[in-house]
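Reader: I would like to learn how to read cavities, pockets, ring pairs and helices in a model. Please take me through them in turn.

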Amino acid sequence: MSLETIRHPDGRVEVVGDLSASPLFNHDLAPVPVKERTWTTYNYAALWIAMAHCIPTYMLAEGLLKVGMSWGQAIFTVLLGNLIVLVPILLNSHPGTKYGIPFPVFARASYGVFGANLPAIMRALVACGWFGINAWIGGQAVDGLLHVIWHGWDSWGGTIGGYTPGMWIGFLIFWAFNILIVYRGMETLRHFENWSAPFVLVMTAGLLFYLVQQAHGLGPIMSTPGTLDTWAKFMPVFIPALTAMIGFWATLSLNMPDFTRYGASQRGQLVGQVVGLPTTMALFSMMGVIITSAGAFVFHDSADALWGPVGLVSHLPSGKAVALGMLTIVIATISVNVAANTVSPANDFSNAWPQRIDFKTGGLMTGILGIVIQPWRLLADPKAYIFDWLGFYSGGLAAIAGVLIVDYWLVRRTELKLPDLYQTGGCYRYARGWNWAAIAATLAGCFAAWGGRVIPVMAPLVPYGWFAGFFAAGLVYYCLPRTLAAPEALVAPAMAEPTVPAE
């Protein structure tokens, strides 16, 4: 293959030449040409606002209240966790904008052209779980919306697996909407996120002001102190909860290149993400607490009964208000589910077999696995949702993030050989396509994060799972690659690419 790398004045790089003959190439994994990298600061801010305005975010702080935190402690935990996870998100966003490559292609630099399938599939399986969780929540809203439109919707009675037939049908309808957007492509997703973000914010704010007005205040939760009123009580809950908050977006800390590859500039994607993520997560979690608290007073029901917005919206006095509320939940859940839980696994599955699996097929595989994982079981218990699900997988993904960041920023100094990422015989071949240093470091990070669950002496590390996985993997990788990796793969390319004159 005759390939040329061009470096633009703003630092972005693109490849000129035909990559299609490579078995590692398909058009969905190809580097995005610079002229097609058009996403702006607003697009990235809107992306995060739309993703953070999701029902699991709404439920996060409520879940922390259930384990004894006050509302202030809960919001602080959410905000701090998102500020921490923003750091690896931004560090791993850089190569996407610079080289126009998605996450699984970026991972080829550190794991090898075939070894990259390990982190990609690990990330994809977690995304399938999240896809199922959001599809189930969205399905509840579809069921509620259809019940308002058609009063005989659930008249057939009976249950299947503990849920009404209408709930199962709503789940499948919502599932199909998600797959439809995937099949329409990334531009459809961008436009959807651009208008859904302000829509969801306005609707949620309207619900908040209505309930606060009806309750003549913020409700019982806001005035009730938590039970964790000493450091001895607070810290054993705070540390695993903080790890869970980091784990909430640990997935995106890996695959943000799937989005930043479309960025018009590094500054645009950086500012958009800094503005969009931590502020929205804290604000929307706060709104969820206030809405639930005021709703418990207005509807004379317990906050436990109103855990989750679907149950709360169903209490609204007007059928039109219920319908609008359910529609808002559907839009909010679609916006996060497609962006956060479908784009990445679609690319990840495509990376495993580029010649047979394209983006659309990978998205369909994600949807099917999202059903197989049975998300209704996970959401039945808030403790299992926050501490078991979020806390467990975050450690494994943190190990991958540690390898990627150390490799790109410390070992390679942000310089990659772009054409070699698509060549089986290039410098990222390592040992038959696998960099065993990265594999060993990932296993070390997973062991540090998970070992305490089965080895008593390591039990104190369990609450720090994300931190243990990240730092252990990064340290091991930094010490190993110069002996286990192919030497030519660790040398930053000479700055001899043709450059495009500044305009």
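Reader: Which residues line the second largest cavity?

Author: First, a caution: this is a predicted model. A cavity is space where a probe fits but cannot get out. Here the lining of the second largest cavity consists of Ile 181, Val 182, Gly 185, Met 186, Leu 189, Val 338, Thr 342, Val 343 and Phe 359. Two elements, α6 (165-184) and α7 (186-215), give two or more residues each to that lining. Its volume is about 40 Å³.

Reader: What is the class make-up of that lining?

Author: Seven residues are nonpolar and two are polar. None is charged.

Reader: How many cavities of 30 Å³ or more are there?

Author: The count is two. The largest holds about 70 Å³ of space. Cys 54, Pro 56, Trp 130, Asn 134, Phe 248, Trp 249, Thr 251, Leu 252, Val 336, Ala 340 and Asn 341 form its lining. Both α5 (117-149) and α14 (319-341) supply two or more of the lining residues.

Reader: Which element gives the most to the lining of the largest cavity?

Author: That is α14, with three residues. By class, this lining has eight nonpolar and three polar residues, with no charged ones.

Reader: Now pockets. What volume does the largest pocket have?

Author: A pocket, unlike a cavity, is an open set of points. The largest pocket has about 460 Å³ of space. Its lining takes in 23 residues. Nearest the centre are His 27, Asp 28, Met 186, Arg 261 and Tyr 262. Met 186 also lines the second largest cavity.

Reader: Which elements give two or more residues to the lining of the largest pocket?

Author: They are α6, α7, α15 (343-352) and α16 (359-372). The most comes from α6, which gives three residues.

Reader: How many charged residues does the lining of the largest pocket have?

Author: Eight are charged. Another eleven are nonpolar, and four are polar.

Reader: And how does the second largest pocket read? Which residues are the closest to its centre?

Author: Its volume is about 300 Å³. Of its 20 lining residues, Met 203, Thr 204, Leu 207, Val 313 and Gly 325 are closest to the centre. The elements with two or more residues in the lining are α2 (55-66), α7, α12 (266-298), α13 (309-313) and α14. This lining has 16 nonpolar and four polar residues, and no charged ones.

Reader: On to rings. How many aromatic pairs does a search of the whole structure find?

Author: It finds 25. Check the distance between ring centres, then the angle between planes. Take Trp 466 and Phe 467: their ring centres are 5.4 Å apart and their planes stand at 90°, so this pair is edge-to-face. Trp 466 is buried, at 4% relative accessible area. Phe 467 is partly exposed, at 23%.

Reader: What is the geometry of the pair formed by Phe 470 and Phe 471?

Author: That pair is edge-to-face, with 5.1 Å from centre to centre and 85° between the planes. Phe 470 is buried at 15% relative accessible area. Phe 471 is exposed at 54%.

Reader: Which residues do ring pairs link into a cluster?

Author: Trp 136, Tyr 163, Trp 168, Phe 171 and Trp 376 are linked this way.

Reader: A ring can also meet a charge. Where does the charged end of Arg 108 sit?

Author: It sits over the ring of Tyr 422, 5.5 Å from the ring centre.

Reader: Last, helices. How many residues does α1 have?

Author: Compare the end-to-end span with the span expected at 1.5 Å a residue. Helix α1 (residues 41-52) has twelve residues. Its first and last C-alpha atoms are 16 Å apart, close to the expected 16 Å.

Reader: Why is α1 called largely enclosed by the rest of the structure?

Author: Because nine of its twelve residues are buried. Among them are Tyr 44, Leu 47, Trp 48 and Met 51.

Reader: What span should the 29 residues of α3 have?

Author: For helix α3 (residues 71-99), the expected span is 42 Å. The end C-alpha atoms are 43 Å apart, which agrees. Just after α3 comes Gly 100, with a positive phi of about 70°.

Key: Residues are numbered from 1 along each chain as its sequence is written. This is a predicted model: local features need pLDDT of at least 70, side-chain atom pairs count only at pLDDT 80 or more; totals for chains, interfaces and linings use all residues. Side-chain values use heavy atoms; hydrogens and water are left out. Rings of Phe, Tyr and Trp (its six-membered ring) pair if their centres lie within 6.5 Å; planes under 30 degrees apart count as stacked, over 60 as edge-to-face and the rest as tilted. Buried means under 20% relative accessible area, exposed over 50%, partly exposed in between (1.4 Å probe, protein chains only). A charge sits over a ring if NZ of Lys or CZ of Arg is within 6 Å of the ring centre and within 35 degrees of the ring normal. On a 1 Å grid over the protein atoms alone, a cavity is a set of points where a 1.4 Å probe fits but cannot get out, and a pocket is an open set with protein on both sides within 12 Å along at least five of seven lines; lining residues have an atom within 4 Å of a point. Grid points are joined across faces, edges and corners, and a volume is the space filled by probe spheres set on the points. Helices (H or I, at least four residues) and strands (E, at least two) are DSSP runs, numbered from the N terminus. Ala, Val, Leu, Ile, Met, Phe, Trp, Tyr, Cys and Pro count as nonpolar, Asp, Glu, Lys and Arg as charged, and the others, Gly among them, as polar.
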